[in-house]
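Q: I am new to this structure and would like a close look at a single part. Please take me through it slowly.

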Amino acid sequence: MNTVIDYAAPMMRIEKLLKDMHNDLLDKDLSAATDKATLLIVESRVLRNTLIIMEHKEAEHALRQQAPTLQERVSTAG
């Protein structure tokens with residue numbers, strides 16, 4: 001099963017939060033900027049966990065590529 005891991009979604013949310021936070025700071029709305037800073041931490045953790053999952057999937061794929069298939073093992077054993 002090939003599951004697509006989407007790292008772009010959390011990255012886009014981070015980019016938007018940064019832009020919105022920047023605008024809040026320009027407007028001197030520190031409360032709104034602080035709220036967005038907290039959300040940035042959450043989104044950064046989501047992105048980091050997504051990257052960890054991607055790393056594990058890549059390692060899994062590499063192991064599968066190295067291991068001979070059952071059919072190959074059966075045909076060489078006979």
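What follows is a closer request and one connected answer. Where do the axes of α1 and α2 cross, at roughly what angle, and which residues make the contact?

A: The model is a predicted one, and the part to look at is the pairing of two helices, α1, which covers residues 8–26, and α2, which covers residues 30–66. Their axes come within 9 Å and cross at roughly 165°. Angles over 145 degrees count as roughly antiparallel, and α1 and α2 are therefore roughly antiparallel to each other. The crossing of α1 and α2 is left-handed. On the side of α1, the contact is made by Pro-10, Met-11, Arg-13, Ile-14, Leu-17, Leu-18, Asp-20, Met-21, Asp-24 and Leu-25. On the side of α2, the residues taking part include Leu-30, Ala-33, Lys-36, Leu-40, Glu-43, Leu-47 and Thr-50. Sorted by character, the residues of this contact divide into 15 nonpolar, two polar and five charged.

The charged residues deserve a slower look. Side chains of opposite charge can pair when their charged atoms come close. In this model the count comes to three salt bridges, and they can be taken in turn.

One of them joins the side chains of Glu-43 and Arg-13, with 2.9 Å from N to O. This pair links distant parts of the chain, since Glu-43 belongs to helix α2 and Arg-13 to helix α1, 30 residues apart. The two partners differ in how far they are covered: Glu-43 has a relative accessible area of 15%, and because buried means under 20%, Glu-43 counts as buried, whereas Arg-13, with a relative accessible area of 39%, is partly exposed. If neighbours within four places in sequence are left aside, Glu-43 is in contact with Pro-10, Arg-13, Ile-14 and Leu-17, and each of these four residues is also listed on the α1 side of the helix contact.

Another salt bridge joins the side chains of Asp-24 and Lys-36, at 2.7 Å from N to O. Here again distant parts of the chain are linked, with Asp-24 in helix α1 and Lys-36 in helix α2, 12 residues apart. Asp-24 is buried, and Lys-36 is buried as well.

The remaining salt bridge is formed by the side chains of Lys-16 and Asp-20, also given as 2.7 Å from N to O. Both of these residues lie in helix α1, and because they are four residues apart there, Lys-16 and Asp-20 are separated by about one helical turn. Asp-20 is also among the α1 residues that make the contact with α2.

Between the two helices the chain passes through a loop, and Lys-28 lies in this loop between α1 and α2. Although Lys-28 is not a glycine, it has a positive phi of about 60°. At 71% relative accessibility, Lys-28 counts as exposed, whereas Asp-24 and Lys-36 are buried.

Further along helix α2 lies Ile-53, which is partly exposed, with a relative accessible area of 41%. The C-alpha atoms of Ile-53 and Ile-5 are separated by 7.8 Å, while the two residues are 48 residues apart along the chain.

Taken together, the picture is of two helices, α1 and α2, lying roughly antiparallel, with salt bridges linking Glu-43 to Arg-13 and Asp-24 to Lys-36 from one helix to the other.

Note on methods:
Residues numbered from 1 in each chain as written. Predicted model: local features only at pLDDT ≥ 70, side-chain atom pairs only at ≥ 80, totals over all residues. Heavy atoms only, no water. Salt bridge = Lys/Arg side-chain N within 4 Å of Asp/Glu carboxyl O. Buried < 20%, exposed > 50% of the residue type's maximum accessible area, 1.4 Å probe, protein only. Axes fitted to C-alpha atoms, helices over the stretch in contact; angles between N-to-C directions. Parallel < 35°, antiparallel > 145°, perpendicular 65-115°, else oblique. Left-handed = near helix turned anticlockwise from the far one by under 90°. Contact = heavy atoms within 4.5 Å. Nonpolar A, V, L, I, M, F, W, Y, C, P; charged D, E, K, R; others polar.
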